[in-house]
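Trainee: I'm new to this one. Can we go through it together, a question at a time?

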Amino acid sequence: MSVHIKRFATPAEAAEACGAEIFRLLNAARAARGSATLAISGGSTPRIMFEWMAKQTFDWNAIDLFWVDERCVPADDAQSNYRMTRESLLDHAPLAPIQIHRVKTELIPDEAAEAYIDDISRVFHLKPGELPVFDVLQRGMGPDRHTASLFPSEPLIENRTGIAAAVWVEKMKQHRVTLLPGVLERARRTLCLVTGPDKADGLRDVLFAPRDPLHIPSQISSAEMEWFVDAAAAAHLN
Ligand code: 6PG
């Protein structure tokens with residue numbers, strides 16, 4: 001496993017560098033395989049990255065876009081990752097609806113997870129039991145060290161065979177749909193965008209504490225991990 005930590009002075013610089021790397025990797029994947037797949041995170045951190053990406057000239061042809069997780073709220077809800085991405089990127093970028101694979105949160109959580117698994121299986125031409133290999137997977141990290149919607153002590157963290165699942169997040173009193181560890185681990189490239197002082201303790205633990213993904217879910221890693229962090233988030237790394 002290779003881990004690269006890229007530090008930037010500000011959240012905007014980290015976000016733009018992460019966005020540029022996403023574009024570079026998607027271009028390389030498409031050149032190699034004719035098409036490319038991207039899964040993005042939600043929350044608040046990636047919004048400025050998406051806004052920067054929306055201003056760039058990029059050929060989105062043959063790119064399929066997915067989410068690492070989604071909150072089970074209506075697609076126009078303020079907490080919707082899809083809505084955040086639509087407002088900051090999709091409303092300004094030439095992706096066709098067929099390229100955008102959102103979690104259908106209008107369904108009940110378990111059915112939304114099943115529909116998401118079906119959509120992923122169709123796009124990746126998966127055989128039964130096979131897991132998708134995303135070209136680029138962009139993740140975030142919560143102050144509690146969660147990633148996607150895999151929160152500390154979540155039993156699904158032990159699931160290495162599933163693609164996605166509905167999960168109840170007690171601390172948020174919310175259902176979510178999340179990609180599962182086996183998929184996170186198989187991504188060709190993982191880019192983690194983590195900024196802000198409230199992430200400093202968590203980032204130190206993810207990178208330097210003994211391996212314990214059940215309690216430090218952001219330690220779930222693929223072969224190639226790149227961390228795009230600002231000075232505030234990197235404050236405890238020295
Ligand atoms: C979500 C995310 C989640 C996110 C972290 C960090 O739906 O919330 O996908 O995993 O990356 O919660 O969120 P912030 O960027 O808001 O700190």
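Mentor: Sure, and one term up front: a polar contact is a pair of N or O atoms within 3.5 Å. Keep in mind that this is a predicted model.

Trainee: Which residue has a side-chain N or O atom 2.5 Å from an oxygen atom of the ligand?

Mentor: Start with the 16 residues that surround the ligand; Ser44, Thr45, Asp69, His146 and Ala148 are the closest. Alanine 148 offers a polar backbone atom, 2.6 Å from a ligand oxygen, and the side chain of arginine 176 has an N or O atom 3.4 Å from one. The side-chain atom at 2.5 Å belongs to aspartate 69.

Trainee: How much of the ligand does the protein bury?

Mentor: The ligand occupies the largest pocket. Taken alone, the ligand exposes 410 Å², and the share the protein buries is 89%.

Trainee: Which class do ten residues of the shell around the ligand belong to?

Mentor: Two of the shell residues are nonpolar and four are charged. The ten are polar.

Trainee: Why does the pair of phenylalanine 23 and phenylalanine 58 count as stacked or tilted?

Mentor: The structure holds ten aromatic pairs, this one among them. Its ring centres lie 4.2 Å apart. Stacked needs planes under 30 degrees apart, and these are at 20°, so the pair is stacked.

Definitions and conventions:
Residues numbered from 1 in each chain as written. Predicted model: local features only at pLDDT ≥ 70, side-chain atom pairs only at ≥ 80, totals over all residues. Heavy atoms only, no water. Near = heavy atom within 4 Å. Polar contact = N/O pair within 3.5 Å; in protein donor to acceptor, adjacent residues only side chain to side chain. Areas by Shrake-Rupley, 256 points an atom, 1.4 Å probe, with all protein chains shown as cover. 1 Å grid on protein atoms, 1.4 Å probe; cavity = no way out; pocket = protein on both sides within 12 Å on 5 of 7 lines; lining within 4 Å. Sits in = over half its atoms within 2 Å of the grid points. Nonpolar A, V, L, I, M, F, W, Y, C, P; charged D, E, K, R; others polar. Phe/Tyr/Trp six-rings, centres within 6.5 Å; stacked < 30°, edge-to-face > 60°.
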